[in-house]
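Student: Please take a close look at the part of this model shown below. I am new to it, so give each term its cut-offs when it comes up.

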Amino acid sequence: MQALLQVQGLTGGYGAIEVLHDLHFSVQAGQRLAILGRNGVGKTTLLKCLMGLVPVREGRITFQGNDLNRRAPFERAAAGMGYVPQVREIFARLTVEENLRMGMATRPASEPIPQALYDLFPVLHQMQHRRGGDLSGGQQQQLAIARALASRPSLLILDEPTEGIQPNVIQDIGRVIKHLAHDKGLSVVLVEQFYDFAEELADQYLLMQRGEIVMRGRGANMKADGVRERLAI
């Protein structure tokens, strides 16, 4: 069965600095892949390469069988890739509703905001007329995820969604990810440093060090594989 996302021999970085070295992995439909590693190992750079925000020097990224290497970020979003960056990047002066409509830029202008987004994150319905900058950190993270989902992606890419978030919101985000993968077939690529959150969600995991993948396996085997201990090294 052809993978939804296929990464082959990926090398990339910034200017003369090579950050990623010969990465290989794939993501199947409905699969949740957790990418773990300490700060500075290249996790965020990898996600930016997937979205076309950092150039690929060598290797190939394919999505739904199509080569993405020369595709612009907006083309990747239109193809079905949703991205939630580490810093969220919501529009602080726009309302919750307006932020969600920005996420629907690839959809027909007359299409209403899906009620399903408010069902997933009820707090956003309560605050739909409040400006994004007035929300708490946890509420902003929920808005960022909902905005990415507004384009109806088949792959959701999340960069450390639990960072600086209160425990009850972390639980809500985990519940939403599980529901979308199990019931809707959404694939998820999750970069995370919170080991327990990653272990709970991952079908598969990758562990990165110095821009390379040094371990990989099933999420159910993370404890036996000693992933937590490797993160502490």
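Tutor: Phe 74 is found in helix α2, residues 73-79. Helices (H or I, at least four residues) and strands (E, at least two) are DSSP runs, numbered from the N terminus. The model is predicted, so local features need pLDDT of at least 70 and side-chain atom pairs count only at pLDDT 80 or more, while totals for chains, interfaces and linings use all residues. Residues are numbered from 1 along each chain as its sequence is written, and side-chain values use heavy atoms, with hydrogens and water left out.

Phe 74 counts as exposed because its relative accessibility is 60%. Here buried means under 20% relative accessible area, exposed means over 50%, and partly exposed is in between (1.4 Å probe, protein chains only). From C-alpha to C-alpha, Phe 74 is 8.6 Å from Met 51, although 23 residues separate the two in sequence.

Helix α1 covers residues 43-50, and six of its eight residues are buried, so this helix is largely enclosed by the rest of the structure. Its buried residues are Lys 43, Thr 45, Leu 46, Leu 47, Cys 49 and Leu 50. Just after α1, Gly 52 takes a positive phi of about 80 degrees.

Lys 43 also matters for describing Glu 192, which sits in the loop between β8 (187-191) and α8 (195-201). Glu 192 is buried yet has no salt bridge, and Lys 43, the nearest side chain of opposite charge, is 8.9 Å away. A salt bridge is a side-chain nitrogen of Lys or Arg within 4 Å of a carboxyl oxygen of Asp or Glu. For charges, Lys and Arg count as positive and Asp and Glu as negative; His and the chain ends are not counted. The side chain of Glu 192 does reach the backbone nitrogen of Phe 194, at 3.0 Å.

Side chains of opposite charge can pair when their charged atoms come close. The count of salt bridges comes to nine. One of them joins Glu 97 to Arg 101, with the closest N and O atoms 3.9 Å apart. Both residues lie in helix α3 (residues 96-103), four residues apart, about one turn of the helix. Glu 97 is partly exposed at 23% relative accessibility, and Arg 101 is partly exposed at 39%.

Another salt bridge links Arg 131 and Asp 134, where the closest N and O atoms are 3.8 Å apart. Arg 131 has a relative accessible area of 36% and is partly exposed; Asp 134, at 46%, also counts as partly exposed.

In helix α7 (residues 167-184), Arg 175 and Asp 172 are three residues apart, about one turn of the helix. Their side chains meet in a salt bridge at 3.9 Å, N to O. Arg 175 is partly exposed at 41%, as is Asp 172 at 27%. Elsewhere, salt bridges that share partners join Arg 107, Glu 111 and Arg 152 into one network.

Last comes a negative surface patch, formed by Glu 18, Asp 22, Glu 58 and Glu 212. Patches are made of residues with over 30% relative accessible area and no salt bridge; like charges are joined within 9 Å, and nonpolar side chains (Val, Leu, Ile, Met, Phe, Trp, Tyr) within 5 Å. The place of a charge is taken as NZ of Lys, CZ of Arg, CG of Asp or CD of Glu. Accessible areas come from the Shrake-Rupley method with a 1.4 Å probe; for residues, only the protein chains shown count as cover. Within this patch, Asp 22 is found in strand β2 (residues 17-27).

Notes
Polar contact = N/O pair within 3.5 Å; in protein donor to acceptor, adjacent residues only side chain to side chain.
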